[in-house]
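Dear colleague,

Please find below the structure that I am handing over to you. My findings follow directly after it.

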Amino acid sequence: MSKRIVIVGAVAGGASAAAKARRMNEDAQIVLVDAGPYISFANCALPYYVGGEIAERDRLFVASAKLFARRFNVDVRTTTRVSSVDRAAKTVTLFRSDGASEQLPYDRLILATGTVNLVPPIKGLDRPNIFTCRTVPDV
């Protein structure tokens, strides 16, 4: 029976972990979950896109979910949040954007969720023309 590896977070760390897991185990069931609509994008390049140094939005993307699924045989689930992890039962609870939920068992779990924007307490940062930029929808 093949092992199931669930990876939460599908940008740089999660996508890299999924590709590496596939290279290490051709038989594993790999599920890559991300709350956002895009995977494997260059989040460090987002400010350069906003500033016009990168002119084409498509240059931000390393691989689409379809390409990644086809190339690495990974079950890619975008716009899906993990609401809880039950370590004893080795399950994660997934909530899709359509409202459906699912308990997904795993043998290995990798958390690659990244971070949240940290806005320092500097006067004026609460103005409506100040933005944070962490994901493609942010830009």
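Phe95 of β5 has Ser101 as its bridge partner in β6. The coordinates belong to a predicted model, and that pair is one point in the antiparallel pairing of β5 with β6, which 5 bridges join. The two strands form a hairpin with 4 residues between them, in which Gly99 takes a positive phi near 95°.

On its other pairing, β5 (residues 91-96) is joined to β4 by 6 bridges, and these strands also run antiparallel. Two pairs can serve as landmarks here: Arg81 stands opposite Phe95 of β5, and Val82 has Leu94 of β5 as its bridge partner. Phe95 thus appears in both pairings, opposite Arg81 and as the partner of Ser101 in β6. β4 and β5 likewise form a hairpin with 4 residues between the strands.

Taken together, these strands make an open sheet of 3 strands in the order β4-β5-β6, with antiparallel pairing. β4 and β6 (101-105) stand at its edges; each has a single partner strand, so one side of each is left without a neighbour in the sheet. From one strand to the next, the twist averages 25°.

Two backbone angles around β4 may be of interest if you check torsions. Lys90, in the loop between β4 and β5, has a phi near 55°, a positive value in a residue other than glycine. Its relative accessible area is 35%, so Lys90 counts as partly exposed. Thr79 is found in the loop between β3 and β4. Although Thr79 is not a glycine, its phi is positive, at about 45°. Thr79 is also partly exposed, because its relative accessible area is 29%, and the partly exposed class lies between under 20% for buried and over 50% for exposed.

I turn next to the other sheet. Here 4 strands form an open sheet in the order β3-β2-β1-β7, and the pairing is parallel. The edges are held by β3 (75-77) and β7 (108-111); each has a single partner strand, so one side of each is left without a neighbour in the sheet. Neighbouring strands of this sheet are turned by 15° against each other on average, direction ignored. Within the sheet, β1 (residues 4-8) and β2 (residues 29-33) run parallel and are joined by 5 bridges. One of the pairs is that of Ile7 with Leu32 in β2.

Helix α1 packs on this sheet and touches β1, β2 and β7; its direction makes about 175° with that of β2. Ala17 is found in this helix. With a relative accessibility of 18%, Ala17 counts as buried, because the cut-off for that class is under 20%. Leaving aside neighbours within four places in sequence, Ala17 is in contact with Ile7 and Ile110. Ala17 and Leu32 are 15 residues apart along the chain, and their C-alpha atoms are separated by 9.4 Å.

A further residue to note is Ala45, in the loop between β2 and α2 (46-50). Its relative accessibility is 14%, so Ala45 counts as buried. Not counting residues up to four places away in sequence, Ala45 touches Ile54 and Leu60. Ala45 and Arg134 are 89 residues apart in sequence, while the C-alpha to C-alpha distance between them is 10.0 Å.

Arg134 also has a place in the account of the pockets. The largest pocket has a volume of about 490 Å³. Its lining comprises 27 residues, of which Val11, Asp34, Ala35, Thr113 and Arg134 lie nearest the centre. The elements that give two or more residues to this lining are α1 (12-24) and β4 (80-86). By class, the lining has 14 nonpolar, 10 polar and 3 charged residues.

To place this pocket among the elements described above: α1 packs on the parallel sheet, touching β1, β2 and β7, while β4 is an edge strand of the antiparallel sheet. The pocket lining thus draws on both of these elements, with two or more residues from each.

Yours sincerely

Key: Residues numbered from 1 in each chain as written. Predicted model: local features only at pLDDT ≥ 70, side-chain atom pairs only at ≥ 80, totals over all residues. Heavy atoms only, no water. 1 Å grid on protein atoms, 1.4 Å probe; cavity = no way out; pocket = protein on both sides within 12 Å on 5 of 7 lines; lining within 4 Å. Points joined across faces, edges and corners; volume = space filled by probe spheres on them. Nonpolar A, V, L, I, M, F, W, Y, C, P; charged D, E, K, R; others polar. Pairing = 2+ DSSP bridges. Axes fitted to C-alpha atoms, helices over the stretch in contact; angles between N-to-C directions. Contact = heavy atoms within 4.5 Å. Buried < 20%, exposed > 50% of the residue type's maximum accessible area, 1.4 Å probe, protein only.
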